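Colleague: Before I use this model, I would like to go through the terms attached to it and hear what each one rests on.

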Amino acid sequence: MVVHAVISLVLAAAPQSAPRFVDRSVALSIAPAGGHAAWGDVNVDGWPDLWAGGVLWLNREGKSFTRVDAPGEGVIADIDNDGTGDLVSFAPIAVTRGVRDGESVRFEPMKLPELPVAISRGVAVGDFDNDGFVDAYFGGYEHWPTQTTYPSILLMNEGGKTFRVAANSAERRTRGVTACDFDEDGDLDLYRSNYRLQPNSLLVNDGKGGFTDEATARGAVATSDGFEGGHSIGACFGDFDNDGRFDLFAGNFAHVDSRGDQPKSRFLRNLGPTKGWAFEDLGECGVWYQESYASPAAADFDNDGDLDLFFTTVYAVASFKKPNHPVLFRNDPKAGDAEWVFADATAGSGLESLPPTYQAAWADVNRDGLIDLVAAGKLFVNEGPAKTHWLGLRLRGDGFKVNRDAIGAQVRVSLPDGRTLSRQVEAGTGEGNANSPMLHFGLGDCGGPLKVEIRWPNGERISATIDRVDRVLEITKEVPAP
């Protein structure tokens, strides 16, 4: 198989004494609204653009952003494989096509089939039936204060021209939806974060876009003894222990009241094929208790090779007048110890005392090798330190067997110390957010060469050796012969 690669070299930022985030919103001419946020590459120029609060912010090579009206909230994905990003909105449920307009882009509404009445707070986009076009799964939530449950809806893409309603179900009150081929069988599965002390759903794909909830059988409900489920708002997939398998972090809003000590947030470790792709509930692992935790997002902010976690809150002051605030957790495994340890790294990070928000999404906006964060209506640029190595990979599908954005593709990087860093191209994480499609690998002191395996969403695999790191590398899947 031929791999066409476009290589971009970038300069590292100046070293700093500690990882530090600085609000550069004004300097970069960006004012993201404080709702949910999604990164993507609408104009396919290799720089992550941001969709937030009904506005698309086009990234001008990391130096500034240009504002474009773009209604709704959701994720960015090329639904018709035409090479321009489109918008899949969950609030309201809608799809708008992106159309190039000189150096900008405009959006045209797409007619959808008749839909059941629904209120949604999150969508996951991926090619669930492996036909080369991305589909969309909208989580159905509730109406407040009647607490009427609305259906979750699966829209299957019909060749980029229209969608059909493939399934809808209102048995759970879903807030966040995220997708991953956690069992490595070549199709995307779904994880739904369900509220009102309902069990979370692990929807296992039959390869054709048919899903069966196997959360209980596989240990992925994310609850504690005495409870059927938790108040989950958002979850994220990530290989938190660098064993090459995708684990889960489930974020729970947990009251402590007359009903008891409700289920806290927890890490679910993927046990792999020998254990039937079940999960082991490891508990909090250092994510200390706050009542109103909301939407999590995982990324390696300090480039040591371990996935870290940023976790938002719903309230500034929760029950019993206790302050709540978003927290940055560093993945800090103990040498020679199998225990997962996450330490509070908020102090001195520049993210102290943020207001309540559901917004949390990562992207390397200036491609300097340090991953940045949008949260609480601000863009925080990661300005150090830069003494470690890194690699950025942007995958592109062929538009035939693999969707143009390569959503669902997985990459594994093998390090000399035995760790395997796994990342996936995803469109939907936490509650209603989306990280950048450019995969970010912190490499610590490893300067290469690196062994890399790419698993395309259609099951094809390629392996390569990358000799030079500290750069962004674009890899496009070959177009099949006519």
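Modeller: Let me start with the vocabulary: helices, of at least four residues, and strands, of at least two, are DSSP runs numbered from the N terminus. Read in that way, the chain of this predicted model has zero helices and 40 strands.

Colleague: What makes the chain as compact as a globular protein of that length?

Modeller: The radius of gyration of the chain is 20 Å, and the globule rule gives 23 Å for 482 residues; the two values are close, and therefore the chain counts as being as compact as a globular protein of that length. The C-alpha atoms fill a box of roughly 60 × 55 × 50 Å along the principal axes. Buried residues make up 61% of the 482 residues, and among contacts with a separation of 6 or more, 56% are between residues 24 or more positions apart.

Colleague: Why is strand β28 called largely enclosed by the rest of the structure?

Modeller: A residue is buried when its relative accessible area is under 20%, and six of the six residues of β28, residues 308–313, are buried, so the strand is largely enclosed by the rest of the structure. Both faces are covered, with Asp308, Phe310 and Thr312 buried on one side and Leu309, Phe311 and Thr313 buried on the other.

Colleague: How do you know that β28 pairs with β27 and with β29?

Modeller: Pairing requires at least two bridges between two strands. Strand β27, residues 293–299, and β28 have five bridges in the antiparallel sense, with Pro296 having Phe311 as its bridge partner in β28. Between β28 and β29, residues 327–331, there are three bridges, again antiparallel, and Phe310 stands opposite Leu328 in β29. Both pairs therefore satisfy the requirement of at least two bridges.

Colleague: What makes β7 and β10 edge strands?

Modeller: They belong to an open sheet of four strands with the order β7-β8-β9-β10 and antiparallel pairing. Within that sheet β7 (74–77) and β10 (104–109) each have a single partner strand, so one side of each is left without a neighbour in the sheet. The twist averages 25° from one strand to the next. As for β10, six bridges join it to strand β9, residues 93–101, and Thr96 stands opposite Pro109 in β10.

Colleague: Why is Thr429 called buried, and what does it touch?

Modeller: Thr429 has a relative accessible area of 1%, and since the cut-off is under 20%, it is buried. It sits in the loop between β36 (420–424) and β37 (439–444). Leaving aside residues up to four places away in sequence, Thr429 touches Val177, Thr178, Ala235, Cys236, Pro296, Ala434 and Asn435.

Colleague: How do you know that Cys180 and Cys285 are not in disulfides?

Modeller: A disulfide needs two cysteine sulfur atoms within 2.5 Å. The closest cysteine sulfur to that of Cys180 is in Cys236, 11 Å away, and therefore too far for a bond. For Cys285 the closest is also in Cys236, at 13 Å, which is too far for a bond as well. The count for the structure comes to zero disulfides. Cys180 is buried, with a relative accessible area of 0%, and Cys285 is buried, with 14%.

Colleague: Why is the contact of Arg330 with Asp302 called a salt bridge?

Modeller: The rule asks for a side-chain nitrogen of Lys or Arg within 4 Å of a carboxyl oxygen of Asp or Glu, and the closest N and O atoms of Arg330 and Asp302 are 3.3 Å apart. Arg330 lies in strand β29 and Asp302 in the loop between β27 and β28, so the pair ties together parts that are 28 residues apart in sequence. Arg330, at 27% relative accessibility, counts as partly exposed, whereas Asp302 is buried at 14%.

Colleague: Which other salt bridges pass the rule, and how many does the structure hold?

Modeller: The structure holds 29 salt bridges. Among them is the pair of Arg419 and Asp417, with closest N and O atoms 2.9 Å apart; Arg419 is partly exposed, with a relative accessible area of 22%. Another is formed by the side chains of Arg455 and Glu453, at 2.7 Å from N to O, and Arg455 is buried, with a relative accessible area of 15%. Through shared partners, salt bridges join Glu184, Arg412, Glu453, Arg455 and Arg461 into one network.

Key: Residues numbered from 1 in each chain as written. Predicted model: local features only at pLDDT ≥ 70, side-chain atom pairs only at ≥ 80, totals over all residues. Heavy atoms only, no water. Buried < 20%, exposed > 50% of the residue type's maximum accessible area, 1.4 Å probe, protein only. Contact = heavy atoms within 4.5 Å. Axes fitted to C-alpha atoms, helices over the stretch in contact; angles between N-to-C directions. Rg over C-alpha atoms; globule rule 2.2 N^0.38 Å.
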